[in-house]
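Visitor: I would like a close look at a single part of this structure. Please take me through it step by step and in plain words.

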Amino acid sequence: MSEGFTSFRAFYPYYLGEHRDRTCRRLHFVGTSFALGFIVLAIVRAEPRWLLAALASGYAFAWAGHFFFEKNRPATFKHPFYSFAGDWVMYRDMLLGRIPF
């Protein structure tokens, strides 16, 4: 079921299934938090280079979680846009307590 998603709603359960490991989810959360901080820094300082740091931190933490803890291939490689959206939705769901971290 990892191929041919017709909507984000159909993709998100698959995405969550690729994030069963708690440490992987925590690394996603940390990376996304750093990314948010770098985005704010880019806006406050009017320096777009911080946006590169946002991308790098978000993906570095997430990919480390997949390669070292989840032991799977990040969904980004096959579904880059849905995966990007999935990370933000999972982040929100973790903040709201819907997903344990």
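Guide: A search of the whole structure, which is a predicted model, finds 3 salt bridges. Side chains of opposite charge can pair when their charged atoms come close. One of the bridges joins Arg-49 to Glu-47, and their closest N and O atoms are 2.8 Å apart. Arg-49 is exposed, with a relative accessible area of 55%, while Glu-47 is partly exposed at 26%.

Asp-93 takes part in a bridge with Arg-92, where the closest N and O atoms are 2.8 Å apart. Asp-93 also forms a salt bridge with Arg-98, and here the closest N and O atoms are 3.2 Å apart. Through shared partners, the salt bridges join Arg-92, Asp-93 and Arg-98 into one network. The members of this network differ in exposure. Asp-93 has a relative accessible area of 6%, so it counts as buried, the limit being under 20%. Arg-92 is partly exposed at 40%, and Arg-98 is exposed at 56%.

Arg-49 leads to the helix α3, which covers residues 49–70. How far apart should the ends of this helix be? At 1.5 Å a residue, its 22 residues should span 32 Å, and the end C-alpha atoms are 31 Å apart, which agrees. The buried residues of α3 are Ala-54, Ser-57, Gly-58, Ala-62, Gly-65, His-66 and Glu-70. Seen down the axis of α3, these buried residues fall within an arc of 150°, so they line one face of the helix. The face turned away from that buried side carries the exposed residues Arg-49, Leu-52 and Phe-68. Arg-49 therefore has two roles in this description: it is exposed, with a relative accessible area of 55%, and it is a partner of Glu-47 in a salt bridge.

What do the buried residues of α3 pack against? They pack against α2, residues 22–45. The 24 residues of α2 should span 34 Å at 1.5 Å a residue, and its end C-alpha atoms are 34 Å apart, which agrees. Buried in α2 are Cys-24, Arg-25, Leu-27, His-28, Phe-29, Gly-31, Thr-32, Ala-35 and Ala-42. The cover over these buried residues includes α1 (8–17), α3 and α4.

The contact of α2 with α4 can be described further. Two packed helices are described by the angle between their axes and the distance between the axes. The axes of α2 and α4, the latter being residues 80–95, come within 10 Å and cross at roughly 105°. Angles of 65 to 115 degrees count as roughly perpendicular, so α2 is roughly perpendicular to α4. On the α2 side, the contact is made by Arg-25, Arg-26, His-28, Phe-29, Thr-32, Ser-33 and Leu-36. On the α4 side, Asp-87, Trp-88, Met-90, Tyr-91, Met-94 and Leu-95 take part.

Thr-32 can serve as an example from this contact. Thr-32 lies in helix α2 and is buried, with a relative accessible area of 1%. Leaving aside its neighbours within four places in sequence, Thr-32 is in contact with Asp-87, Trp-88 and Tyr-91.

Trp-88 also gives a way back to α3. Tyr-59, which has its place in α3, is 29 residues away from Trp-88 along the chain, and the C-alpha atoms of the two are separated by 12 Å. Tyr-59 is partly exposed, with a relative accessible area of 26%. With its neighbours within four places in sequence left aside, Tyr-59 is in contact with Thr-76 and Phe-84.

Two loop residues complete this look at α3. Ala-46 is found in the loop between α2 and α3. Its phi is near 55°, a positive value in a residue other than glycine. Ala-46 is exposed, with a relative accessible area of 61%. Just after α3 comes Lys-71, with a positive phi of about 60°. Lys-71 has its place in the loop between α3 and α4, and Lys-71 is exposed, with a relative accessible area of 63%.

Methods. Residues are numbered from 1 along each chain as its sequence is written. This is a predicted model: local features need pLDDT of at least 70, side-chain atom pairs count only at pLDDT 80 or more; totals for chains, interfaces and linings use all residues. Side-chain values use heavy atoms; hydrogens and water are left out. Helices (H or I, at least four residues) and strands (E, at least two) are DSSP runs, numbered from the N terminus. The expected span of a helix is 1.5 Å times one less than its number of residues. Buried means under 20% relative accessible area, exposed over 50%, partly exposed in between (1.4 Å probe, protein chains only). The arc is that of the directions from the helix axis to the C-beta atoms. Contact means heavy atoms within 4.5 Å. A salt bridge is a side-chain nitrogen of Lys or Arg within 4 Å of a carboxyl oxygen of Asp or Glu. Axes are lines fitted to C-alpha atoms, for helices over the stretch in contact, and angles run from 0 to 180 degrees between N-to-C directions. Angles under 35 degrees count as roughly parallel, over 145 as roughly antiparallel, 65 to 115 as roughly perpendicular and the rest as oblique.
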